Amino acid sequence: MEKKKDKEVKQEKETIVSKEAEYLDMAQRIKAEFENYKRRNADVVSQSFDNGVAHTVAKMLPAIDSFKQAKSSIQDENMLKGLDLVLSQIITAFGELGVTKIPAVGEQFNPNFHNAVLVGNETDKEDGIILDEYQEGFILKNDRVIRHSVVKINKLDK
């Protein structure tokens, strides 16, 4: 009779150990799934923020272009200083959001960042160098183009 009880106790213990391992495995899988969920969720939040920034900046760029164009017709130095200050504040705010101007004049043409609309032929400059910029381009976090720079490039006849 005692052997039967010992056998039942041993079997019950094995069942408990087996269930414990099963529950531990389940808990570890749930924990891993939750960590993956948190990571994916953080990525979605970050991408959503970047999309919002890019969309907002893209909507503001035509107004900034008009602002810069209007500056060319203003003669009053104090007014120009004030407009430059406002423009500087806008560009600083863009920078704080991760938006920067695409380097253009004097740089090598890169179709990922620049849109060539004119071609020049200056023999004292390298082939493919940007000679002039007609519209500023902006990127978000150094890789996502919000607007390409519109440029004139140097093309040497070979």
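This note sets out some points on a predicted model, covering a three-stranded sheet and a surface patch.

1. The sheet is open and consists of three strands in the order E2-E6-E3, with mixed pairing. Strand E2 spans 114–120 and strand E3 spans 130–135; both stand at the edges. Each of these two has a single partner strand, so one side of each is left without a neighbour in the sheet. On average, neighbouring strands of this sheet are turned by 30° against each other, direction ignored.

2. The pairing of E2 with strand E6, residues 149–154, is parallel and runs over six bridges. Within E6, Lys 152 is the bridge partner of Leu 118, and Ile 153 stands opposite Val 119.

3. E3 pairs with E6 in the antiparallel sense, over four bridges. Here Val 151 of E6 is the bridge partner of Glu 133.

4. Strand E6 is mostly covered, with five of its six residues buried. As a general point, side chains in a regular strand alternate between the two faces of the sheet.

5. Away from the topic of the sheet, a nonpolar patch on the surface is formed by Tyr 23, Met 26 and Ile 30. Together, these residues have about 310 Å² of accessible area.

6. Met 26, one of the patch residues, is located in helix H1, which covers residues 2–71. Its relative accessible area is 35%. Met 26 is therefore classed as partly exposed, because this class lies between the limits of under 20% for buried and over 50% for exposed.

Key
Residues numbered from 1 in each chain as written. Predicted model: local features only at pLDDT ≥ 70, side-chain atom pairs only at ≥ 80, totals over all residues. Heavy atoms only, no water. Patch = residues over 30% accessible without salt bridge, like charges linked within 9 Å, V, L, I, M, F, W, Y side chains within 5 Å. Areas by Shrake-Rupley, 256 points an atom, 1.4 Å probe, with all protein chains shown as cover. Salt bridge = Lys/Arg side-chain N within 4 Å of Asp/Glu carboxyl O. Buried < 20%, exposed > 50% of the residue type's maximum accessible area, 1.4 Å probe, protein only. Pairing = 2+ DSSP bridges. Axes fitted to C-alpha atoms, helices over the stretch in contact; angles between N-to-C directions.
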